[in-house]
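Work through the exercises below with the sequence and the coordinates open. Each task is followed by a stepwise solution.

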Amino acid sequence: MGGTPISDYSDRSVVYGWVDLSQAAGNKVVGGTIRAYNMPADKNLYPSGYMKFGEGYIFYHVGIAPGPIKLNTLSTMTCVGLCGNVVNVYDFGAQGSDVAAANVRGKGVYYLGSYALKTRRGLFFAPRDFTVSRANGPSRRQMLEAILKEAPDQQKPLIQQAINRL
């Protein structure tokens with residue numbers, strides 16, 4: 001996933017969510033970040049993992065430190081066979097909405113929600129904007145089972161416990 005490698009997961013949590021891109025510019029997630037609000041500005045962005053899942057994408061991170069967090073950006077591209085050369089960055093903003101936000105209070109697994117992105121065309125020379133709404137995505141169990149396959153060994157028991165509780 002990039003970023004500073006994590007060697008000690010003793011207080012780290014797993015966060016995850018799902019996004020539907022069927023009405024968005026771009027049909028493939030190619031990047032994203034999660035913002036930690038209790039960290040210094042030069043260390044407050046976690047690169048998000050992502051994977052195609054069903055009709056959308058799971059976004060996640062398996063090493064979030066305690067504190068308030070929020071999905072910061074998702075980057076998409078349009079791919080039909082080959083990918084285009086335009087990257088669409090959906091910026092969820094540092095303040096304001098509670099879309100894909102949580103307060104990580106202790107080591108655990110935190111679900112950030114399932115959402116649908118819809119791109120709205122701007123006027124000529126005006127940038128596009130987008131809306132976010134709640135969506136019916138895959139079950140939490142299905143998403144966690146997919147993340148479990150990619151997770152580091154230190155976090156697998158934590159994720160498995162969350163699956164067992166569902």
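**Exercise 1. Classify the two cysteines of the disulfide by burial and give the bond geometry.**

Step 1. Cys83 has a relative accessibility of 38% and therefore counts as partly exposed; the classes are buried under 20% relative accessible area, exposed over 50% and partly exposed in between, with a 1.4 Å probe and protein chains only. Residue numbers start from 1 along each chain as its sequence is written. The model is predicted, so local features need pLDDT of at least 70 and side-chain atom pairs count only at pLDDT 80 or more, while totals for chains, interfaces and linings use all residues, and side-chain values use heavy atoms, without hydrogens and water.

Step 2. Cys79 has a relative accessible area of 15%, so Cys79 is buried.

Step 3. The S to S distance between Cys79 and Cys83 is 2.0 Å, and a disulfide is a pair of cysteine sulfur atoms within 2.5 Å. The count by this rule is one disulfide.

Step 4. The torsion about the S-S bond of Cys79 and Cys83 is about 100 degrees, so the disulfide is right-handed.

Step 5. For a distance across the model, take His61 and Cys83: they are 22 residues apart in sequence and 25 Å apart in space, C-alpha to C-alpha. His61 is placed in strand S5 and, at a relative accessible area of 6%, is buried.

**Exercise 2. Describe how helices H1 and H2 are arranged and which residues meet.**

Step 1. Helix H1 covers residues 140-150 and helix H2 covers residues 156-165; helices (H or I, at least four residues) and strands (E, at least two) are DSSP runs, numbered from the N terminus.

Step 2. Two packed helices are described by the angle between their axes and the distance between the axes. Here the axes come within 10 Å and cross at roughly 165 degrees. Axes are lines fitted to C-alpha atoms, for helices over the stretch in contact, and angles run from 0 to 180 degrees between N-to-C directions.

Step 3. H1 and H2 are therefore roughly antiparallel; the classes are under 35 degrees for roughly parallel, over 145 for roughly antiparallel, 65 to 115 for roughly perpendicular and oblique for the rest.

Step 4. The crossing of H1 and H2 is left-handed, that is, the near helix is turned anticlockwise from the far one by less than a right angle, whereas clockwise would be right-handed.

Step 5. From H1, the residues Arg141, Leu144, Glu145, Ile147, Leu148 and Lys149 meet Lys156, Ile159, Gln160, Ala162 and Ile163 of H2, where contact means heavy atoms within 4.5 Å. This set divides into six nonpolar, one polar and four charged residues; Ala, Val, Leu, Ile, Met, Phe, Trp, Tyr, Cys and Pro count as nonpolar, Asp, Glu, Lys and Arg as charged, and the others, Gly among them, as polar.

Step 6. Met143, Leu144, Ala146, Ile147 and Leu148 are the buried residues of H1. Their cover includes H2 and the strands S1 (13-23), S4 (49-53), S5 (56-64) and S11 (109-120).

**Exercise 3. Which residues do Asn72 and Thr76 contact, leaving aside neighbours within four places in sequence?**

Step 1. Asn72 lies in strand S6 (residues 67-77), and Thr76 is found in S6 as well.

Step 2. Asn72 is buried at 6% relative accessibility, and Thr76 is buried at 0%.

Step 3. With those neighbours left aside, Asn72 is in contact with Thr33, Ile34, Arg35, Leu45, Tyr90, Asp91, Phe92 and Gly93.

Step 4. On the same basis, Thr76 is in contact with Leu21, Ala25, Gly26, Lys28, Val29, Val30, Val86, Val87, Asn88 and Tyr90. Thr76 and Ala25 are 51 residues apart in sequence, and their C-alpha atoms are 7.4 Å apart.

**Exercise 4. Is Ala100 buried or exposed, and what is its phi?**

Step 1. Ala100 sits in the loop between strand S9 (88-91) and strand S10 (101-104).

Step 2. Ala100 has a relative accessible area of 0% and is buried.

Step 3. Phi of Ala100 is near 50 degrees, a positive value in a residue other than glycine.

Step 4. Gly93 also lies in the loop between S9 and S10; at 21% relative accessible area, Gly93 is partly exposed. Beyond four places in sequence, Gly93 is in contact with Tyr37, Lys70 and Asn72.
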